[in-house]
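Student: Could you take me through one part of this structure slowly? I'd like to look closely at where the two chains touch, and then at how some helices pack.

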Protein chains: 2
Amino acid sequence: MTTIEILQQAKAATAALAMLNTEAKNAALLAMADSLETNTEAILAANAQDVEAAREQMNDVMIDRLRLTAERIKGMANGIREVIGLSDPVGRVIDRVERPNGLLIEKTRVPMGVVAIIYESRPNVTSDAAALALKSGNVCVLRGGKEAYRSSHAIVSALREGLRREGLSETFINMLEDVTRAGANELMTAVDYVDLLIPRGGAGLIRACVENAKVPCIQTGTGICHIYVDRDADLDMALDILENAKTSRPSVCNAAEVCLVDRKIADRFLPMLKARLVDARKQNGKEPVKLRLDGDAQKIIEGAPASDSDFDTEFLNYILAVGLVDGVEDAVAHIAKHSTHHSEAIVTRNTETASYFTAAVDSAAVYVNASTRFTDGGEFGLGCEIGISTQKLHARGPMGLCELTTYKYIVRGNGQIR
Amino acid sequence: MTTIEILQQAKAATAALAMLNTEAKNAALLAMADSLETNTEAILAANAQDVEAAREQMNDVMIDRLRLTAERIKGMANGIREVIGLSDPVGRVIDRVERPNGLLIEKTRVPMGVVAIIYESRPNVTSDAAALALKSGNVCVLRGGKEAYRSSHAIVSALREGLRREGLSETFINMLEDVTRAGANELMTAVDYVDLLIPRGGAGLIRACVENAKVPCIQTGTGICHIYVDRDADLDMALDILENAKTSRPSVCNAAEVCLVDRKIADRFLPMLKARLVDARKQNGKEPVKLRLDGDAQKIIEGAPASDSDFDTEFLNYILAVGLVDGVEDAVAHIAKHSTHHSEAIVTRNTETASYFTAAVDSAAVYVNASTRFTDGGEFGLGCEIGISTQKLHARGPMGLCELTTYKYIVRGNGQIR
């Protein structure tokens, strides 16, 4: 089917899915999970073809992301089953007011309609996104990377089999067949059909969506996250937070990329920083962090000089840019200039300084004495996550089921006129 | 100053305004209102120049919109004073969770930052928008129509005088000097400076913003609103609602443009409709409604035949398109195809039919037995309105102070790592 035919079919399915109650949606999710497991063999066969075809263009890390196993499929099925337990936002009355004229106004959560997700080569995003969309009452249109096309197609077939078994329309879950760049652009500009577009992937994909989308699009994921170590910091705590934020998983968006150090404590803290992130890690057989130092930091410890662009780079690797600042106001100014508005942290024992930092830093998540790595739907108690918004409109930070909905005003009267 | 200089100045002012407490903002609003009145003479002199210059290109209605009087300026000042009484959304904790690891997470309302408003020739929008932006902690950048430039400039000067008197930066309120189309485009694409763009005006202005904006933009105001008269309607109530929705103020976006009539009652209702909207209004010296009838309605009453485009037109005038439908499902299907997702109403005594309508119609406001004219911030109890959103992202329907804010997560820990 052409992209436009698939989108028409998706749009046509929105009203039926929006009106499905929670029990029916949960039954569908259970059937989808079971069907994934039942179809393990077919999915693995399709995946083997994808892996075989990708072998020449992809490195081992990328192949590993693409590869499925029976265990990974079981994990995907369990992921769907977890969504059953999440509370359903649809139909929730956010605000209710009875006006003096007797009008009863209920601000009520409703699904967006058609949610499109563009992603890359992890096939598990297919089932993950489909489950969250279904639970929030949204028809999904999935557009995965072409390297994973056969795998995603087999997964969608299994999910649709689950829907059919529950007597539901398989058009609640849709996958685009055109995986060319032109196909992606067609999706991004389908203003009559797509109510929300969420890109999940690297900076290039996100930039392409934000720049080309004519449909409502959420800017997700790019994180140049800062840790500011204040003059009043517990320096040992600062080291723990910094090592965690930088090294526990450097490839993710909530990992720290920049450490700003208050000039007042730089002489003491920078040698500690180097000892922990570079020397101790070497000794313990861990990957050491490569430091990129500004001019002032270089006078105190050894490390490569930072170029200007190092303070504007999402390294996603064992690299940390380090700079000195003149206290919290200067730190806030640096962050305002270089941050992607994802997550920033201050380490300090001074509550006044902390309050200034949380008020003045304009990012989705602002931390006091904790690692930026916690910016995550699960860690925030949302139970799931479809992405992390770095924009201010609609949703900010981790997006769960609620952020996949909008609201409408339902107004009941008995003949009121104005 | 150039547009970019003004925008830089606005951006630089955001942190100071975001951190202002409610008392300080209310004091500023009071000073702004007083200053407007003190400067009445200067504003009227500037306005006289605008009116004089516009006399040749504008008709009387447009001139009237542009013209200010001492009384209108007093009304603007009182409008600002009313904003003082509205509750301040900034700093409100929407959600608070303490995680098992001890992290305290507070989802907290914060200003957007820089809010830009593009509007047309009503000078009162200047003070109205400036007051709502200030109360919600946002720096505003105003871009009014060039016909009203001198008036708006004089109003902004007065408002800034009020800010200065309170010891605040006048850069909290900004007005663009470049009123060319290129200037508007510069504003719409200033992604590093504008956090939210709200167009206020006719369909052409809104379309230009939605199509050209690279900054986050709210689609406002276009309303092709429907009234569906069901087989179970109280027909007298339907007439009252229809006449009110069509004629009480035809030029506004929440006025009805289309009446859909259930075929089962068309023989009875259509003659009543014509008698009320056409004949009785003529007799009473009121402007009669011009009916545009679909083929089936023409067989029952007299009226001009509707062209296809009549069901997709925001007439903003004493014109009503009338069509027959086969019950509520057909009405919902018609609305899905032709609505601008603003406001739609059903008139029925059947609660089941009403529930189906409110669930299935995908618009910002869905009414049962009441006029669509109530879609308005004041009527909904928001106390004010910066515009009516017809999109689903961020805000839907009337936008008040709360819809001018976003949120951030403030996370407090004692050294938590992940």
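Tutor: Let's start with the place where the chains touch and then move on to the helices. Keep in mind that this is a predicted model.

Chain A puts 52 residues in contact with 53 residues of chain B. Which elements of chain A give two or more residues to that side? They are α10 (235-247), α14 (351-360), β13 (365-370) and β16 (405-416). Of these, β16(A) gives the most, with eleven residues. If you sort the residues on chain A's side by class, you get 26 nonpolar, 16 polar and ten charged.

Stay with β16(A) for a moment. This strand pairs with strand β13 (residues 365-370) of chain B, in the parallel sense and over five bridges. To find a spot on screen, pick A:Y409: its bridge partner in β13(B) is B:A365.

Now for chain A as a whole. Its domain assignment gives domain 1 (3-219 + 393-412) and domain 2 (225-374). Taken over C-alpha atoms, the centres of these two domains of chain A are 36 Å apart.

Next, the helices. In chain A, helix α3 (residues 40-54) packs with helix α7 (residues 149-165) at an angle of about 165 degrees, and their axes are 7 Å apart. An angle over 145 degrees counts as roughly antiparallel, so that is what α3(A) is to α7(A). The crossing of α3(A) past α7(A) is right-handed. On the α3(A) side, the contact is made by A:A42, A:I43, A:A46, A:N47, A:Q49 and A:D50, while α7(A) brings A:R150, A:S151, A:H153, A:A154, A:I155 and A:A158. By class, that contact has six nonpolar, four polar and two charged residues.

Chain B has a helix pair to look at too. There, helix α2 (residues 22-38) and helix α7 (residues 149-165) pack at about 135 degrees, with their axes 7 Å apart. Are they parallel or oblique to each other? α2(B) and α7(B) are oblique, because of that angle. Their crossing is right-handed. From α2(B), the residues B:A28, B:A31, B:M32, B:D34, B:S35 and B:L36 meet B:I155, B:A158, B:L159, B:E161, B:G162, B:L163 and B:R165 of α7(B). This contact splits into eight nonpolar, two polar and three charged residues.

Key:
Residues are numbered from 1 along each chain as its sequence is written. Chains are lettered from A and ligands numbered from 1 in the order in which they are written. This is a predicted model: local features need pLDDT of at least 70, side-chain atom pairs count only at pLDDT 80 or more; totals for chains, interfaces and linings use all residues. Domain bounds come from an automatic or database domain assignment. Axes are lines fitted to C-alpha atoms, for helices over the stretch in contact, and angles run from 0 to 180 degrees between N-to-C directions. Helices (H or I, at least four residues) and strands (E, at least two) are DSSP runs, numbered from the N terminus. Angles under 35 degrees count as roughly parallel, over 145 as roughly antiparallel, 65 to 115 as roughly perpendicular and the rest as oblique. A crossing is left-handed if the near helix is turned anticlockwise from the far one by less than a right angle, and right-handed if clockwise. Two residues are in contact if their C-beta atoms, placed from the backbone, lie within 7 Å. Ala, Val, Leu, Ile, Met, Phe, Trp, Tyr, Cys and Pro count as nonpolar, Asp, Glu, Lys and Arg as charged, and the others, Gly among them, as polar. Two strands pair if DSSP finds at least two bridges between them.
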